[in-house]
Amino acid sequence: MVLLACSLCGCTLLAHGQNADGVRLVRQGFHQAAIERFQQAIASDPQNPDGYYNLAAAYHRLARISGNPEHWEQAESYYNQCKDRDPNHQDCYRGLAVLLVQRGRKDEAFRLLETWSERYPTSPTPKIELARLYEEMADRETAREYLY
């Protein structure tokens, strides 16, 4: 019965629960257990971008803690997989831009957000993220330009 229900709904509800469990585990500091939950969420619903975002964010957090280059690479890969599934996923773009800046790839971060803004010219969200990035780079004048 559960198998039939999963095939009918794409296991979206199951994936949602697994993602929620993973977020709870990250907050408690159980990163490896959280990663396993996010991987389960992706297996349950491979087209849901939130599982990829959560997995990217967990690896990103681990990378900042450990400095492990593999964690940085995995985080970037999962952020990109999230974008592939939802080309307008705000948290994903924000996380990837932050990662790129932290890795000394500031120009790539700006290009990422500028391309997103060009793809969605009527959406304020990419412009807000660009303004935030310029603000973080201490360029308040350019940040204001994106907000007005």
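This report describes the helices of a predicted model, how three pairs of them pack, and the largest pocket.

## Overall fold

The chain has nine helices and zero strands. Its pattern along the sequence is accordingly written α-α-α-α-α-α-α-α-α. Along the principal axes, the C-alpha trace of the chain spans about 60 × 35 × 20 Å.

## Packing of α2 with α3

Two packed helices are described by the angle between their axes and the distance between the axes. For α2 and helix α3 (residues 31-44), the axes come within 8 Å and cross at roughly 165°. Angles over 145 degrees count as roughly antiparallel, so α2 is roughly antiparallel to α3. The crossing in which α2 passes α3 is left-handed.

On the α2 side, the residues that meet α3 are L14, A15, Q18, N19, D21, G22, V23, L25 and V26. Their counterparts in α3 are H31, A33, A34, R37, F38, Q40, A41 and S44. By class, the contact of α2 with α3 comprises nine nonpolar, six polar and two charged residues.

## Packing of α2 with α4

Helix α2 (12-27) also packs against α4 (49-66). The angle here is about 15°, and the axes lie 10 Å apart. Because of that angle, α2 is roughly parallel to α4. This crossing, too, is described as left-handed.

From α2, the contact draws on N19, V23 and V26. From α4, it draws on D50, G51, N54, A58 and R61. The classes in the contact of α2 with α4 are three nonpolar, three polar and two charged residues. N19, V23 and V26 of α2 touch α4, and these residues are also among those of α2 that meet α3.

## Packing of α6 with α7

Further along the chain, helix α6 (residues 90-102) packs with helix α7 (residues 106-119) at an angle of about 160°. The axes of α6 and α7 are 7 Å apart. The two helices are therefore roughly antiparallel to each other, and their crossing is left-handed.

The α6 residues in this contact are Q90, Y93, L96, A97, L100 and V101. Those of α7 are K106, E108, A109, L112, L113, W116 and R119. The contact of α6 with α7 divides into nine nonpolar, one polar and three charged residues.

## The largest pocket

The largest pocket has a volume of about 240 Å³. Its lining consists of 13 residues, and V26, Y53, A57, A58 and R61 lie nearest the centre. By class, the lining has eight nonpolar, two polar and three charged residues.

Both α2 and α4 supply at least two residues of this lining. The largest share, seven residues, comes from α4. Some residues of the helix contact appear again here: V26 of α2 and A58 and R61 of α4 take part in the contact between these helices, and V26, A58 and R61 are among the lining residues nearest the pocket centre.

Conventions
Residues are numbered from 1 along each chain as its sequence is written. This is a predicted model: local features need pLDDT of at least 70, side-chain atom pairs count only at pLDDT 80 or more; totals for chains, interfaces and linings use all residues. Side-chain values use heavy atoms; hydrogens and water are left out. On a 1 Å grid over the protein atoms alone, a cavity is a set of points where a 1.4 Å probe fits but cannot get out, and a pocket is an open set with protein on both sides within 12 Å along at least five of seven lines; lining residues have an atom within 4 Å of a point. Grid points are joined across faces, edges and corners, and a volume is the space filled by probe spheres set on the points. Helices (H or I, at least four residues) and strands (E, at least two) are DSSP runs, numbered from the N terminus. Ala, Val, Leu, Ile, Met, Phe, Trp, Tyr, Cys and Pro count as nonpolar, Asp, Glu, Lys and Arg as charged, and the others, Gly among them, as polar. Axes are lines fitted to C-alpha atoms, for helices over the stretch in contact, and angles run from 0 to 180 degrees between N-to-C directions. Angles under 35 degrees count as roughly parallel, over 145 as roughly antiparallel, 65 to 115 as roughly perpendicular and the rest as oblique. A crossing is left-handed if the near helix is turned anticlockwise from the far one by less than a right angle, and right-handed if clockwise. Contact means heavy atoms within 4.5 Å.
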